[in-house]
Amino acid sequence: MKLFTNRTVASFFVFSCCLTTPALASDVLVSADFNVGQGFNYLVDDQCYVLTPNHVMGTATSANVMLPTRQYHTADVAHVFDVDMAILKADIPAAQCNRNTFLQVSDLNKLLGVYQNGVLKTRLADGSVLQTKIVISAVDDSEFLAIKPERADEPFKQGYSGSILFVAGQAAGVLLEVDDAGGIVYRADALTAMLNEHFDISSNEEASENTPDKAAEDDAETTTNSHLTGRLATNQIKDYSVKMLENSPVEFVLTGVDADEMKFAIQILDKRENELFDDDFWSNNNYSFAFTPPRTDEFTVRLVGLQRFGEFDVKMNDFSFDAELRGVGNKLEMPDNISVKIAPDAISEYQFHGEANSPIELSLNEVKGNEFKYAIHIIDSEGNALYKDDFWSNNNYTFAFTPQQNGEYTIRLIGIQRYGQTDINVSQWNTDAALTGAQNVVAAGDIVTNKIADNAVAEYRMMMTANAPIDFKLESQSPNTKFLIELVDETGEVRYSNDFWSRNNSRFVFTPLSSDVHIIRITGLQRHGTFYFKLFDYD
């Protein structure tokens, strides 16, 4: 099946086929004349290229490109493909030109045979990433996919064209064309084959060999993607001046050197020589850590020889950017997922609209690999922290949060120890309509059950008769949840109040003092789960 033929696509292009993590979108924004699009970097022999749709260039021969750091560079047209794509030769330094790996073709074929859903990721002007859930409506085995938005009230916009499609967390293609019905995606395997042929690359391994890391030789060449190598002796100091961006963690990867064993320290200092990081290492061991700059400035990375003498091998990498951690694109729609790279002192923020008495559930999934610790705060529109707790990434954990009023809320993640990538599912645990709606009317013989969370309130109306006792039989439920049951008469006075744990079987009998509609009110006290009880006439 052919979804479309060679033609000019009325959209703009972005594809970071080379992405190693699903959290990113394109590498750059491209602007040429009055057109705006996106593109991805491609490094060949220390020359950085940018790939973008040809129609974004229009008749222009050069373009401005913006990195996620909001730094601007220029690029000139170097080649145009039959498919609506062009290669631009950019003045982006090799150290800032992402070197990533392409998605394997076999993986894509397998993914598309199993999954019919995905996420479209679009980089915005502030560098953040907007995520749109999609449905794959048709598959072309050779080149193209047809997609449409999962929600009818969230149609694709012209600005979405060129976004990366992720399926099961892996890059599957790039959105080339959008209209009212959906969009057309150019498959990652077709793109890979085209680029490999153009650049004469036979394999990813060969491409990697052709673009080795280059060690920084002096301060002027040192960036947050530099490779530092050399020799140190006891008491010797080597300083590297590096410009770093606020709340944009930098990863340091130390590779063990098969030579003389040496102990050395790595220190990071600000312009006033304040020491922001200090740790020591043995040169024959592998180690990694991440440092989050507290502000945008020049910092000194200092290597100090402590014992013996030998060689060091330290590679710096941009771990994540502030724009991705707390940009305007970080909006949550229930259900959603927070997959973000966190390092010590880094802050990531996601906004969601909360409804009063409508709990949301956060499920923290175990992350394989590096064990790291981070905090989660939930903050209201006035900046008040309504929830705080910290977690280790190697454990599964769930909790619920109940907004007390309608409004905008922020989920803030703060790195505490070590670093890694989160995997947090956010979903609507229950709604106020289900907890207190007009349908919540019960009578003797009914079963009363619902999902409750901390600070959430469920209410049921029941016609009761004076001196006619009602038997409440609570049956064990898991997970264990603590809740309060109150019985309120027609005057609003609480006539019964007691708390229970859902794991226990319990029973009580209530005798009304008046004949009227009473309210059975259940309030969540600790944790979240399900309450379940049966109502009987005691007589």
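Select Asn 357 to begin: it is buried, with a relative accessible area of 12%, where buried means under 20% relative accessible area, exposed over 50% and partly exposed in between, for a 1.4 Å probe and protein chains only. The model on screen is a predicted one, in which local features need pLDDT of at least 70 and side-chain atom pairs count only at pLDDT 80 or more, whereas totals for chains, interfaces and linings use all residues. Residues are numbered from 1 along each chain as its sequence is written, and side-chain values use heavy atoms, with hydrogens and water left out.

Asn 357 lies in the loop between β23 (347–354) and β24; helices (H or I, at least four residues) and strands (E, at least two) are DSSP runs, numbered from the N terminus. Show the side chains here, and a polar contact of 2.8 Å appears between those of Asn 357 and Asp 432; such a contact is a pair of N or O atoms within 3.5 Å, of which, within protein, one must be able to donate a hydrogen and the other to accept it, and residues adjacent in sequence count only if both atoms are side-chain atoms. Beyond four places in sequence, Asn 357 also touches other residues, including Thr 402, Pro 403, Leu 435 and Asn 455, a contact being heavy atoms within 4.5 Å.

Next, select β24 (residues 360–364), which runs antiparallel to β30 and is joined to it by five bridges; two strands pair if DSSP finds at least two bridges between them. Ile 360 has Gln 428 as its bridge partner in β30. Strand β30 (residues 424–428) is also joined by three bridges to β21 (residues 336–338), again antiparallel, and there Asp 336 stands opposite Val 426.

Now move to the open sheet of five strands, ordered β31-β33-β38-β35-β36 with mixed pairing. Its edges are β31 (441–442) and β36 (494–501), each with a single partner strand, so one side of each is left without a neighbour in the sheet. Inside this sheet, seven bridges join the antiparallel strands β35 (residues 482–488) and β38 (residues 516–526), and Glu 486 stands opposite Arg 521 in β38.

Select Phe 472, Ile 520 and Phe 533 together: these have the most contacts inside the largest nonpolar core, which has 27 residues. A nonpolar core is a set of buried Ala, Val, Leu, Ile, Met, Phe, Trp, Tyr and Cys residues joined through side-chain atoms within 4.5 Å. Among the elements that give two or more residues to this core are β34 (470–474), β37 (506–510) and β39 (529–537), while β33 contributes the largest share, four residues. Phe 472 is in contact with, among others, Leu 487, Phe 508, Ile 520 and Phe 533. Apart from this core lies another, of 24 residues, among them Val 340, Phe 352, Tyr 387 and Val 426.

Then go to Ala 32, in strand β1 (residues 28–32), which counts as buried at 1% relative accessibility. Leaving out residues up to four places away in sequence, Ala 32 touches Val 56, Met 57, Ala 60, Ser 62 and Ala 63.

Finally, colour by pLDDT, the predictor's confidence in each residue, from 0 to 100. The protein averages 86, and 89% of the residues score at least 70, but pLDDT stays under 50 over residues 100–105 and over residues 203–212.
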